[in-house]
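Q: Please take me through the terms used to describe this model, setting each value against the definition behind it.

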Amino acid sequence: MQPDRSIVSLFAQNRPLRSIEFFPPKDDAGVAALRATAAALQRISPDFVSVTYGAGGSTRERTAQVCAFLKSDFGFTVMPHLTCVGHTRDELHTLADQIHDNGFRNIMTLRGDPPKGADTFIPTTDGLRYASELAALLKTRHPDFCLGVAGYPEKHPEAASLEADIDNVKRKIDAGGDFVTTQLFFDNAVYLRFVEKCHARGITVPIVPGIMPVLSLKQIQRFTQMCGATLPAKLITRLEAAGENTDAVESVGLDWALTQIRELLVQGAPGYHLYILNRAKSALALAAGLAA
Ligand SMILES: NC(=O)C1=CN([C@@H]2O[C@H](COP(=O)(O)OP(=O)(O)OC[C@H]3O[C@@H](n4cnc5c(N)ncnc54)[C@H](O)[C@@H]3O)[C@@H](O)[C@H]2O)C=CC1
Ligand SMILES: Nc1nc(=O)c2c([nH]1)NC[C@@H]1CN(c3ccc(C(=O)N[C@@H](CCC(=O)O)C(=O)O)cc3)CN21
């Protein structure tokens with residue numbers, strides 16, 4: 001088995017990287033749907049795909065299963081997510097070894113969301129508290145891992161200030177993070193300001209914008225409230241005008257994302273990472289729109 005190339009070596013080619021994030025489905029029907037999505041996305045050959053790691057125990061085995069088939073059956077470069085939630089250091093060492101043994105060389109390194117029902121993060125006994133600690137653990141165990149870490153253009157909800165949160169990004173990079181993927185945002189000015197502040201703080205790694213084409217107003221309102229991202233009034237107005245017409249809602253979401261990505265690439269973003277909630281349609285339409 002050929003080990004994956006590190007994603008930083010791809011950024012070094014100085015062309016915008018296109019990546020896509022999946023989440024592990026809850027059941028076999030979801031897995032079948034994800035396989036169909038993966039097959040459709042082969043046509044646009046993303047540079048890499050990532051697979052989230054759920055806060056609940058149940059989807060975690062699915063993460064490994066989904067990563068394995070995306071690599072073996074579809075030939076994607078796969079970046080599994082790993083979080084500190086519910087794991088001891090020993091367990092994290094074992095997971096790191098398994099990921100490495102399976103040929104993966106890139107890991108999205110996260111603290112993780114508190115489990116459902118909890119609103120604060122409580123570290124496990126003999127576990128880790130911060131993503132920076134996980135980055136250090138992974139790099140020490142396997143120096144050839146390439147690590148993605150999260151950045152929050154509108155700050156992480158638990159951070160005291162944007163400055164304190166950017167200090168945390170710096171800690172994650174110093175601990176071994178190789179590139180940053182941002183939380184989703186809908187106003188490019190927010191990203192550009194964040195990048196400027198990161199540069200001023202001495203962060204020189206690629207900072208990849210995370211973009212979500214909106215599929216439903218209710219769902220995105222729920223999610224942005226949870227993660228502290230702002231929905232611009234103009235976008236809300238357009239989504240409201242589309243009402244219950246799902247095709248119209250999706251086309252508003254798509255149009256917004258397309259406009260964002262075009263401008264971000266002009267502004268020099270190192271690529272874009274798409275949160276597509278396992279649906280192929282928006283990623284295919286964006287690829288077509290960007291090629292036009
Ligand atoms: N791409 C993805 O899958 C993304 C996932 N997430 C989720 O967001 C959540 C946070 O994860 P990470 O950003 O990896 O966590 P993190 O450990 O980098 O930061 C978590 C919080 O702790 C604060 N913090 C970190 N180190 C600190 C220190 N030494 N002293 C004081 N405060 C400190 C941070 O400012 C932040 O508020 C997770 O729930 C993650 O799963 C967020 C964005 C993207
Ligand atoms: N704090 C945080 N946790 C994450 O897991 C996370 C981020 N931020 N930011 C980047 C991506 C985006 N993620 C997301 C974003 C939205 C939904 C969401 O709204 N899910 C729907 C159901 C999905 C479906 O349509 O099947 C929901 O209602 O929860 C889930 C994960 C996962 N990632």
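Q: How do the residues lining the largest cavity divide by class?
A: In this predicted model, the lining of the largest cavity has eight nonpolar residues, one polar and one charged, where Ala, Val, Leu, Ile, Met, Phe, Trp, Tyr, Cys and Pro count as nonpolar, Asp, Glu, Lys and Arg as charged, and the others, Gly among them, as polar. The lining consists of Arg18, Ser19, Ile20, Ile44, Pro46, Tyr272, Leu274, Ala283, Leu286 and Ala287. At least two of these residues come from each of β1 (17-22), β8 (271-275) and α11, the names referring to DSSP runs numbered from the N terminus (helices: H or I, at least four residues; strands: E, at least two).

Q: What conventions lie behind the residue numbers and the computed values?
A: Residues are numbered from 1 along each chain as its sequence is written, while chains are lettered from A and ligands numbered from 1 in the order in which they are written. Local features need pLDDT of at least 70 and side-chain atom pairs count only at pLDDT 80 or more, whereas totals for chains, interfaces and linings use all residues, and side-chain values use heavy atoms, with hydrogens and water left out.

Q: What makes a space a cavity rather than a pocket?
A: On a 1 Å grid over the protein atoms alone, a cavity is a set of points where a 1.4 Å probe fits but cannot get out, whereas a pocket is an open set with protein on both sides within 12 Å along at least five of seven lines; lining residues have an atom within 4 Å of a point. By this rule there are two cavities of 30 Å³ or more, with volumes of about 70 Å³ for the largest and about 40 Å³ for the second largest, a volume being the space filled by probe spheres set on grid points joined across faces, edges and corners. The second largest pocket holds about 260 Å³, and its 15 lining residues include Arg60, Ala64, Leu95, Gln98 and Ile99, which lie nearest its centre. Of the elements, α3 contributes the most to this lining, with six residues.

Q: Why are α2 and α11 called roughly parallel or antiparallel?
A: The axes of α2 (residues 28-41) and α11 (residues 280-291) come within 9 Å and cross at roughly 10 degrees, with axes fitted to C-alpha atoms, for helices over the stretch in contact, and angles running from 0 to 180 degrees between N-to-C directions. Angles under 35 degrees count as roughly parallel, over 145 as roughly antiparallel, 65 to 115 as roughly perpendicular and the rest as oblique, and the two helices are therefore roughly parallel to each other. Thr37, Ala40 and Leu41 of α2 meet Ala280, Ala283 and Leu284 of α11, contact meaning heavy atoms within 4.5 Å.

Q: How do you know that β5 and β6 pair?
A: Two strands pair if DSSP finds at least two bridges between them, and β5 (residues 146-151) and β6 (residues 177-184) pair in the parallel sense over five bridges. Leu147 stands opposite Gly177 in β6. Helix α6 (residues 162-174) packs on the sheet and touches both β5 and β6, its direction making about 175 degrees with that of β5.

Q: In what order do the strands close into a barrel?
A: Eight strands close in the order β1-β2-β3-β4-β5-β6-β7-β8, with parallel pairing, and the twist averages 30 degrees from one strand to the next.
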